[in-house]
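Here are a few short exercises to work through with the viewer open. Try each task yourself before reading its solution.

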Amino acid sequence: MSELSASNSTATWPQLRVADWTDTRDTLHMWTQVVGKIRLAHAPLLNHWWQVTLYVSPRGLTTSAIPYADRLFDIEFDFLAHRLVIRADNGDTRTVALAPKPVAQFYTETMQALDELGFETRIQGHPNEVELSIPFAEDTQHAFYDPTSAQAFWRQLVHANRLLNEFRSGYTGKTSPVHFYWGAMDLAYTRFSGRTAPEHSGGAPHCADWVMVEGYSHELSSCGFWPGGGAEGAFYAYTYPEPDGYRERRLQVPGATYDPNLGEFVLPYETVRTANDPNAMVAEFLHETYEAAAELGHWDRSTLECDPHRWAQQRAAAPWSLR
């Protein structure tokens, strides 16, 4: 697919069967872990590990600006040109081709590019939150990259990012950004009640329990999208700690169910993609699952929620420069 034709396809919810791109997905997962760990190595700690995530960009996934002493750099997966771009604050850049290659080669090329730009970096050299944790420098097993599939996944994230940000606008309490966690390879958004939570027991593979304790230190309702849980991926929602009655809650969204193995409500992506109004279906799923968490968890909703259109009338009457 050419870059020009790809740029005209943003309105379409792409079809991407998990079974058809699993090898590429698993390779890309490891690549995002390498880049995410580079951000982790330099960015100061933020609550719930928010400093380590990636963000959906107009071309792919980006780290945003990463501090390095008194300098800055960023890294972006460009899924239109299929290259990893590393940009320094002095105008220098380096690129690494996104093409069929083992994780070991991608890791070596990326770390070498950082060295050439003057950003000496050491990272934890193996992946987290996966059952098979092969050191990056030794991983020749994950070596697949289909550019069409990778671009279609990014298009899925573009839609999810848009809808999660719209949902985010209705909350004045503490919320996370809409961001991509490379540990589980999901795009996530989280609302918090303002109360602390029981200490999390951990248990994620190849991930220290204290990492999960930080992530789940406060009562929350989380939602997002990940390339699993359905034939084409799934939107998901869960709450921590889970209040009584949450998993028994009946949702009105067609196709949404509670998966006891995941401990989450799941809405298959293919159900959304083929719906008459995909946007409305996802919005309903997000609102219903949050309301279940907030109502059953006795959140102070009157002080946490807001009307995202509260200034619409004033903006409509304002001069064009203030709208």
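The three exercises below are about this predicted model.

**Exercise 1.** Find where Thr-53 lies, and decide whether Thr-53 is buried or exposed.

*Solution.*
- Start with the backbone: Thr-53 sits in the loop between α2 (18–42) and β1 (55–56).
- Next, take the relative accessibility, which is 0% for Thr-53. Buried means under 20%, so Thr-53 counts as buried.
- Then list the surroundings. Beyond the neighbours within four places in sequence, Thr-53 is in contact with Arg-39, Thr-63, His-179, Phe-180, Tyr-181 and Trp-182.
- Finally, look at His-179 in that list: its side chain and that of Thr-53 are joined by a polar contact of 3.3 Å.

**Exercise 2.** Work out how many disulfides there are, and why Cys-223 does not bond to Cys-306.

*Solution.*
- The cut-off needed is a pair of cysteine sulfur atoms within 2.5 Å.
- For Cys-223, the closest cysteine sulfur belongs to Cys-306 and is 15 Å away, so the pair is too far apart for a bond.
- The count for the model comes to zero disulfides.
- As for burial, Cys-223 has a relative accessible area of 4% and is therefore buried; Cys-207, at 13%, is buried as well.

**Exercise 3.** Compare the span of α3 with its expected value, and find what its buried residues pack against.

*Solution.*
- Helix α3 (residues 103–117) has 15 residues, and its first and last C-alpha are 21 Å apart, close to the expected 21 Å.
- Its buried residues include Val-103, Phe-106, Tyr-107, Met-111 and Leu-114.
- The buried residues of α3 pack against α2, β4 (71–78), β5 (83–88) and β6 (93–97).
- Just after α3 comes Gly-118, with a positive phi near 90 degrees.

Key
Residues numbered from 1 in each chain as written. Predicted model: local features only at pLDDT ≥ 70, side-chain atom pairs only at ≥ 80, totals over all residues. Heavy atoms only, no water. Helix = DSSP H or I, 4+ residues; strand = E, 2+ residues; numbered from the N terminus. Buried < 20%, exposed > 50% of the residue type's maximum accessible area, 1.4 Å probe, protein only. Polar contact = N/O pair within 3.5 Å; in protein donor to acceptor, adjacent residues only side chain to side chain. Contact = heavy atoms within 4.5 Å. Expected span 1.5 Å × (residues − 1).
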